[in-house]
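Dear colleague,

Please find below the structure that I am handing over to you. A short account of the findings follows it.

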Amino acid sequence: ITVDDIAYNYGGFSKVKLYSNGAEGFIAKIDGNDVSIDGNEILISGLDAGNHTLTVSTRPDANHNSVTRTAKVTVRKVNSSVGLKDFELNYGRSSTIKLDTEGVIELSAEIDGSDVNVNGNLIIIPKLDAGTHMLIVTTVPDDNHISVTRTANITVLKADSKITVSNATL
């Protein structure tokens, strides 16, 4: 029986073809748990990132002994994701933006080098001076993902001046 080491990205899958002489079938386990086999092919999916062990044994015919082989299954972490894009804000206003995330336990954020409040996937944008500001968001990933940092420009639009005229006598 021949079984090669396997590597694939978290959330994906890998197909393993098994080759053997004198076997009527195979028995397979990953980390001690049974794995389905379709003929001489194993579909591996649904594993957490990290290293796993695939153990395959033959169900021999009457003329052969059973053999067992192991292979290392490596599931690679993938980048977490955070949906962040440039946006505009009117001067004198604060805002809360909701970010779409995947593989994220929490977020950290800063504007122009100063930390801002984060509540889950909500970034609380304080009142800012008119002009362009840089928002930087960094993910704290779960065990299957890698941290990423994304940036967006916040353009704070100038407000119109106000003129107030009180009753005047000329």
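The notes below cover confidence, one sheet and one residue within it.

This is a predicted model, in which local features need pLDDT of at least 70 and side-chain atom pairs count only at pLDDT 80 or more, while totals for chains, interfaces and linings use all residues. Residues are numbered from 1 along each chain as its sequence is written, and side-chain values use heavy atoms, with hydrogens and water left out.

The chain has a mean pLDDT of 93 (the predictor's confidence in each residue, from 0 to 100), and 98% of its residues reach 70 or more. Among the elements of the chain, the lowest mean pLDDT (91) belongs to strand β5 (residues 37-38) and the highest (98) to strand β19 (residues 145-146). Strands are DSSP runs of E with at least two residues, numbered from the N terminus.

Five strands form an open sheet in the order β1-β8-β7-β3-β4, with mixed pairing; two strands pair if DSSP finds at least two bridges between them. At its edges are β1 (6-9) and β4 (33-35), each pairing on one side only. Within this sheet, β3 (residues 23-30) and β7 (residues 50-60) run antiparallel and are joined by 7 bridges.

Serine 57 lies in strand β7, where it stands opposite isoleucine 27. Serine 57 is buried (under 20% relative accessible area, 1.4 Å probe, protein chains only), because its relative accessible area is 16%. Its contacts (heavy atoms within 4.5 Å), not counting residues up to four places away in sequence, are Gly25, Phe26, Ile27, Ser66, Val67 and Thr68.

Yours sincerely

How values were computed:
Helix = DSSP H or I, 4+ residues; strand = E, 2+ residues; numbered from the N terminus. Buried < 20%, exposed > 50% of the residue type's maximum accessible area, 1.4 Å probe, protein only.
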